[in-house]
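Trainee: Could you take a close look at one spot with me, and then connect it to the rest? I'm new to this, so please explain the terms as you go.

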Amino acid sequence: MQERTSSLRIADAESPQHFCELGVLLLDGSGSMLAKSSDQVTKAEATAKATRELFDRFKNRSRIARNFRFALITYDHQPTPIIDPPVAAKQLDEHGDYNPVHGHGGGTRIWKALEEAERIVGQFLAGAPKDGIPYRAVILLMTDGLCNQPDRTRDTARRIKERFGSSVTIAGAFFSSGDSFEQAGAQLLREIVDDPELYFATVTTGDQLRDFFTRSLSTASGVIVV
């Protein structure tokens, strides 16, 4: 990972805002997220902890927090906005309930979550000031299973890329339990992310998920964020 981030610059803590990057977290709340992770907690609990720690890093430790905003959607067969509209990093609640299974527990329709991300990203980019600082968005998708309509997920990801071009990056983490049948779900994520070498990871712990989110935001912005 050091090789991939070694070219990232460290921003001056006292410098003005240089860019505005939106991170849209899409957290899988399907029933399979109640399975145990290698942390010996459910994958849903590990995801919630990873999210709280990510928000804590940006709110309380990042020198460039002023450049970031966040939105959060949980989903199973339907998406639920948790942080919408987006908030500045300094306004994040690092103690919030981000367990994605709360209010969910059904099947997996990734494309539904991507549609919500598309809506939020569209509104965010439309608000960019003309001739102002650059606005970009990173969609941080996490799932532990195969979407029950994978072709629709592929089509939705393709539409997002065509609509927003280089202004949006799709990153995807597959939360694995180590089962062989998971391969199709992981492959779907590899297909829809912008660059699987940079923006895809298989994770088995909350710490790995947190670090993947942080790394993806750093890589997309070109700045070490924490």
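Trainee: In which loop is G96 found?

Mentor: G96 sits in the loop between strand 3 and helix 3. Before we go further, a word on what you're looking at. This is a predicted model, in which local features need pLDDT of at least 70 and side-chain atom pairs count only at pLDDT 80 or more, while totals for chains, interfaces and linings use all residues. Residues are numbered from 1 along each chain as its sequence is written, and side-chain values use heavy atoms, with hydrogens and water left out.

Now, what do "strand" and "helix" mean here? Both are DSSP runs numbered from the N terminus: a helix is H or I over at least four residues, and a strand is E over at least two. Back to your glycine: G96 is buried, since its relative accessible area is 11%. Buried means under 20% relative accessible area, exposed means over 50%, and partly exposed is in between, with a 1.4 Å probe and protein chains only. From G96 to A65 you count 31 residues in sequence, and their C-alpha atoms are 19 Å apart in space.

Let's walk out from that loop, first to strand 3. This strand covers residues 79-88, and P85 is in it. The peptide bond from D84 to P85 is cis, with omega near 10 degrees. That's worth a pause, because most peptide bonds are trans and most residues other than glycine have a negative phi.

On the other side of the loop is helix 3, and I120 lies there. I120 counts as buried because its relative accessibility is 2%. Here's a nice link between the two elements: I120 and P85 are 35 residues apart in sequence, yet C-alpha to C-alpha they are 7.4 Å apart. Leaving out residues up to four places away in sequence, I120 touches L22, V24, A71, I73, D84 and P86. Contact, by the way, means heavy atoms within 4.5 Å. Notice that D84, from that cis bond, turns up again as a partner of I120.

Phi gives us two more stops. Q40 has a phi near 70 degrees, a positive value in a residue other than glycine. You'll find Q40 in the loop between strand 1 (20-28) and helix 2 (43-61), and Q40 is exposed because its relative accessible area is 57%. D131 also has a positive phi, near 60 degrees. The loop that holds D131 runs between helix 3 (110-126) and strand 4, and D131 is exposed because its relative accessible area is 78%.

Keep going past strand 4 (135-143) and you reach L146, in the loop before helix 4 (150-164). L146 counts as partly exposed because its relative accessibility is 44%. Among residues beyond four places away in sequence, L146 touches T108, A184, G185 and L188. F181 is 35 residues from L146 along the chain, and their C-alpha atoms are separated by 9.3 Å.

Now jump to the segment after helix 7 (206-221), where V225 has its place. V225 counts as buried because its relative accessibility is 1%. V225 and R57 are 168 residues apart along the chain, but their C-alpha atoms are separated by 8.8 Å. Setting aside neighbours within four places, V225 has contacts that include F58, I64, F68 and L217.

Let's zoom out. The chain has 7 helices and 6 strands. Its radius of gyration is 16 Å, close to the 17 Å that the globule rule gives for 226 residues, so the chain is as compact as a globular protein of that length. The radius is taken over C-alpha atoms, and the rule is 2.2 Å times the number of residues to the power 0.38. Buried residues make up 52% of those 226. Of the contacts between residues at least 6 apart in sequence, 78% join residues at least 24 apart.

One last check, on the cysteines. C20 counts as buried because its relative accessibility is 1%, and C147 counts as buried because its value is 2%. The structure holds 0 disulfides, where a disulfide is a pair of cysteine sulfur atoms within 2.5 Å.
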